[in-house]
Amino acid sequence: MEVTFSIMMFEQHRIYFILCILGYPIAVVLAQLISIDNFFVSVVYRALLIVFSLYFIIIHIVSKFNKSHLLIIILFVFFWVSYFLRAYYQVETEGLNKPIKEYFIWGVGVCLLPALAVARLNPIITFKGNQTYLSIALCVSVILFLFSSDTVADVNGDIYSNGRIQLEAFNTLAFGNLAATLIIIAFTSGVKNKYILLGIYIFCFYLLITAASRGALVSLVCSFIFFITCSRGISKFKLIISFSFLAIISSNFITSSFTDRILDVLNGTDVSMAYRFISYLGAMEIFLENPILGASLEEPNTGYYPHNILLEVAMSLGIFGTSILILLVYLAFRGGTRYVKLGREYALIPMLFIQYFVAANFSGSIVTNNVFWYLLLMAISLNYLSIRKQ
């Protein structure tokens, strides 16, 4: 009976992991395939995620916590409570551009509850050497690619080509992050056939380049730098040469949009970077004026979040909140480092954490970088698992 229960929990953990990391792309694919409103499918997906999250939180609530781990979980909840109090206080005093319910719905339902649920999963036993995620992610990315286009409609109904692959409800950044995630999943999956891996790598590099997402590319590079720096028993020279070769092959598919965006950054003419710089200055101004507790969820120059999670936390919660986040990131980094040393089949969670942490400092906000929060607590949990190979 106990063995049967363990197997059932193993399968449930696999499904939950897929739902958290790949759930939204799957929802988008389903909406596209059956030609229904993406908003409806997204709502169903989010509701399903909340149900699964509450289920895992409830069934594990009676299980024993390591005392240090429990303190980290309490600190994490305290961080989010502080964030919600900031939202409530600001709407009562100054007001917000976005409805406050969006902050609470996304913060609780999309970020906090799933993160607390994954904190109790065993990311080593559940995810080591498992190729299920690779297969599902590859199918999702192929279908997304087949349905995608680089042509979109602007607000006036005029049609134009942005040169970047996307769907109506799945933007270029999400495409880039999915491609980077799939590369990491393939790398850590334990697939032995080098030709299959080579094909997956080339295809995903192509997706990454056609998405023209600089943040996704940088986050992927940082993830592999982290692995190369921390790993043992691997020919780092061979790994570097292999991925350099893949990059050269993939460069044949580089679009003019991607190269133009890189050149625009180098020349200082990139519009999006100029916009980000303005928002960075606004966030820093708020932080310097209110360094202890912060003052606002939205920076004044754009009325939006600054597309950098560290700056946004500093702006919203000051040194107080930033210190908590830095501590949590440090613990996640330390836990990830310990397990990367065991081999690349143990590196899935640590590498994905690095990817989404770096990506969160290029785009998105505290409440929209939900996958980062899941992987943060997963990586922290590695500190409290046995270091022996399981």
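Which residues is Ala-87 in contact with, leaving aside its neighbours within four places in sequence? The legends below begin with that view of a predicted model and then move on to other parts of the chain.

**Figure 1. Ala-87 and its surroundings in helix 3.**
Welcome to the first close-up, centred on a residue of helix 3, which covers residues 67–93. Once neighbours within four places in sequence are set aside, Ala-87 is in contact with Leu-96, Ile-100, Phe-104 and Leu-297. One of these partners, Ile-100, is 13 residues away from Ala-87 in sequence, and their C-alpha atoms are 6.8 Å apart in space. Is Ala-87 buried or exposed? Its relative accessible area is 0%, so Ala-87 is buried, the cut-off being under 20%.

**Figure 2. The whole chain, for orientation.**
Before the next close-up, here is the chain that holds these views. It has 15 helices and 2 strands. Of its 390 residues, 52% are buried. Among contacts with a separation of 6 or more, 76% are between residues 24 or more positions apart. The accessible surface of the chain comes to about 18200 Å², and carbon and sulfur atoms account for 68% of that surface.

**Figure 3. Asn-130 in the loop between helix 5 and helix 6.**
This loop follows helix 5 (123–127) and leads to helix 6 (132–147). Asn-130 has a relative accessibility of 12% and therefore counts as buried. Look also for Gly-190: Asn-130 and Gly-190 are 60 residues apart in sequence, while the distance from C-alpha to C-alpha is 7.3 Å.

**Figure 4. His-307 in the loop between helix 12 and helix 13.**
The loop shown here lies between helix 12 (271–289) and helix 13 (309–340). What is the phi of His-307? It is positive, at about 60°, although His-307 is not a glycine. With 8% relative accessibility, His-307 counts as buried.

**Figure 5. Helix 14 packed with helix 15.**
Two packed helices are described by the angle between their axes and the distance between the axes. Here helix 14 (residues 348–360) and helix 15 (residues 370–381) pack at an angle of about 140°, and their axes are 9 Å apart. The two helices are therefore oblique to each other. The crossing in which helix 14 passes helix 15 is left-handed. On the helix 14 side, the residues that take part are Ile-349, Leu-352, Phe-353, Tyr-356 and Phe-357. Their partners in helix 15 are Val-371, Phe-372, Leu-375, Leu-376, Met-378 and Ala-379. The contact of helix 14 with helix 15 holds 11 nonpolar residues, with no polar and no charged ones.

**Figure 6. Ser-365 and Asn-369 in the loop between helix 14 and helix 15.**
The last view stays with this pair of helices and turns to the loop between them. Ser-365 is found in this loop, and Asn-369 has its place there too. Ser-365 is buried, with a relative accessible area of 2%. Leaving aside neighbours within four places in sequence, Ser-365 is in contact with Tyr-305 and Glu-312. Asn-369 also counts as buried, at 13% relative accessibility. Which residues does Asn-369 touch, not counting residues up to four places away in sequence? They are Ala-360, Ser-363 and Gly-364.

Notes. Residues numbered from 1 in each chain as written. Predicted model: local features only at pLDDT ≥ 70, side-chain atom pairs only at ≥ 80, totals over all residues. Heavy atoms only, no water. Axes fitted to C-alpha atoms, helices over the stretch in contact; angles between N-to-C directions. Helix = DSSP H or I, 4+ residues; strand = E, 2+ residues; numbered from the N terminus. Parallel < 35°, antiparallel > 145°, perpendicular 65-115°, else oblique. Left-handed = near helix turned anticlockwise from the far one by under 90°. Contact = heavy atoms within 4.5 Å. Nonpolar A, V, L, I, M, F, W, Y, C, P; charged D, E, K, R; others polar. Buried < 20%, exposed > 50% of the residue type's maximum accessible area, 1.4 Å probe, protein only. Areas by Shrake-Rupley, 256 points an atom, 1.4 Å probe, with all protein chains shown as cover.
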